[in-house]
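Okay, thanks for coming, everyone. I'd like to walk you through one model today, and we'll stick to its pockets, its inside and a bit of its surface. Let me put it up.

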Amino acid sequence: MFDVIIAGCGPTGAMLAAELRLHDVRVLVLERETEPVSFVRVVSLHIRSLEVMAMRGLLDRLVAHGRQRPVGGIFAGIATPAPEGLDSAHAYLLGIPQPVVERLLAEHAVELGAQVRRGRAVTGFAQDDEGVTVELADGEQLRTRYLVGCDGARSAVRKQLGVAFPGEPSRTETLMGEMEVGAPREEIAARMAEVVESTRRFWLRPAGVGVYSVVVPAAGVSDRAEPPTLEDFRHQLRAVAGTDFGVHSPRWMSRFGDATRLAERYRVGRVLLAGDAAHIHPPAGGQGLNLGVQDAFNLGWKLAAQIRGWALDTLLDTYQAERHPVAEDVLDNTRAQMELMSGEPGPRAVRRLLAELMDLDQVNRRLIEKITAIDIRYDLGEGPDLLGRRLPDIDLAQGRLYDLLRRGRGLLLDRTGRLTVGGWSDRVDHLADPGAALDVACVLLRPDGHVAWIGDDQRDLDDHLSRWFGAPAS
């Protein structure tokens, strides 16, 4: 019997498996595809995801395969420089091929002891008071204490669970791919400057030597149920820009719509949802993969605590309470961005106005912090503004803060030297550092780096240790 079976070995499923293994949870990941994805789609890891990777010692591996770029111009593609002094030691975007992200996260999970089986599709399940019986496409049945659906937008787990997936169907479709281009760079830049004034869902951006990322509206091309062809791209480029730029030799081609949906519930009994199984939205701002990875980061330690037997009954419920509103916010900002990319006069006027407002540092900073998820504040009750927020990767006497969080444990950062974690020392580390770069006396960090408590009173600290880390060991 497994502790957790995860359906889907994309970035969300692999990240969740690794988080669970930090706590010695028996994990099996079932992936319906026999081989990892082959098309080389480049994605952007945002600031908060880079912080998450730094907290688990993975950032250097990812940076070695990616390209760093500034975070400016990511809200609806409005060309505004990144604000100065973003509150992060990792204030950049990392462009990296999605297959590389999936491979590195899966390797990390396996290194920690997770089992990954490919070519094994989850087709059904039945849960009871003791666990979940999972049925595979070949008829095999497996037993687990919990099942997590990380199996994408068409999630079989969500559908069988009967969780509603309300939202809006796709209204517009867009072609996206990477391919070689025969036209000179100067010609591409000139046509881009002309076309984007009326068609925002259009660009050709360098993605390597002689290779461009190509985006163009998909209206009128072949059946949406079929993969797009190179001729579809050529036809649409000629229709929009008057030339197909000599595109050839595609690396990959796909289409996406602006469907926007959010699962009503993230948990029913012993079955949970994460990533695209729980929410879908347009790719505006490049937030999708990041949102799923951060779901896993929030869920992992809580589900592990439930399995290890020290969690309060309410801890696992905080997964939905915290992550559902975050997804709602992402869905709303992608809706707004898609409206701003319309070629209609009204949205174009709003876009021009917003571009003016984004010249104000406060507006630009607010939108960047929203897209990169460093503005998230979980509702942990009344307290200072820092309560519920993630703590940046500050300098400490023993090095960088995030290096101390690699084991997925809680951390008491104590500037007074008077506090103790007592009977919680098997789950929470304690660092006395009078010189820590904090504006408060002490903070208690959860394993995901969010501030769970601020103060200097031992009795109050004990109450919050109990809230987040269960009863103390005898």
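So, the second largest pocket: α8, α9, α11 and α12 each give at least two residues to its lining. If you want to find them in the sequence, α9 runs over 317-340 and α11 over 361-371. Keep in mind as we go that this is a predicted model.

Which helix supplies the largest share of that lining? That's α9, with 8 residues. In total, 30 residues line this pocket, and its volume comes out at about 450 Å³. If you zoom in on the centre, the residues lying nearest to it are Glu322, Val326, Ile376, Arg377 and Tyr378.

Now hold on to Ile376 and Tyr378, as they're also in the lining of the largest cavity. How many cavities of 30 Å³ or more turn up when the whole structure is searched? Just 1. The volume of the largest cavity is about 70 Å³. Two elements give two or more residues to its lining, namely α2, at 47-55, and α8, at 288-308. The helix that gives the most is α8, with 3 residues. Other residues around this cavity include Arg48, Val52, Arg323, Asp448 and His450. So α8 is one to remember: it helps line the cavity, and it helps line the pocket we started with.

Last stop, the surface. Have a look at Asp456, Asp457, Asp460 and Asp463, which come together there as a patch of negative charge. Asp463 sits in α12, the helix spanning residues 458-469, and α12 is also one of the helices lining our second largest pocket.

Definitions and conventions. Residues are numbered from 1 along each chain as its sequence is written. This is a predicted model: local features need pLDDT of at least 70, side-chain atom pairs count only at pLDDT 80 or more; totals for chains, interfaces and linings use all residues. Side-chain values use heavy atoms; hydrogens and water are left out. Patches are made of residues with over 30% relative accessible area and no salt bridge: like charges are joined within 9 Å, nonpolar side chains (Val, Leu, Ile, Met, Phe, Trp, Tyr) within 5 Å. Accessible areas come from the Shrake-Rupley method with a 1.4 Å probe; for residues, only the protein chains shown count as cover. A salt bridge is a side-chain nitrogen of Lys or Arg within 4 Å of a carboxyl oxygen of Asp or Glu. Lys and Arg count as positive and Asp and Glu as negative; His and the chain ends are not counted. The place of a charge is taken as NZ of Lys, CZ of Arg, CG of Asp or CD of Glu. Helices (H or I, at least four residues) and strands (E, at least two) are DSSP runs, numbered from the N terminus. On a 1 Å grid over the protein atoms alone, a cavity is a set of points where a 1.4 Å probe fits but cannot get out, and a pocket is an open set with protein on both sides within 12 Å along at least five of seven lines; lining residues have an atom within 4 Å of a point. Grid points are joined across faces, edges and corners, and a volume is the space filled by probe spheres set on the points.
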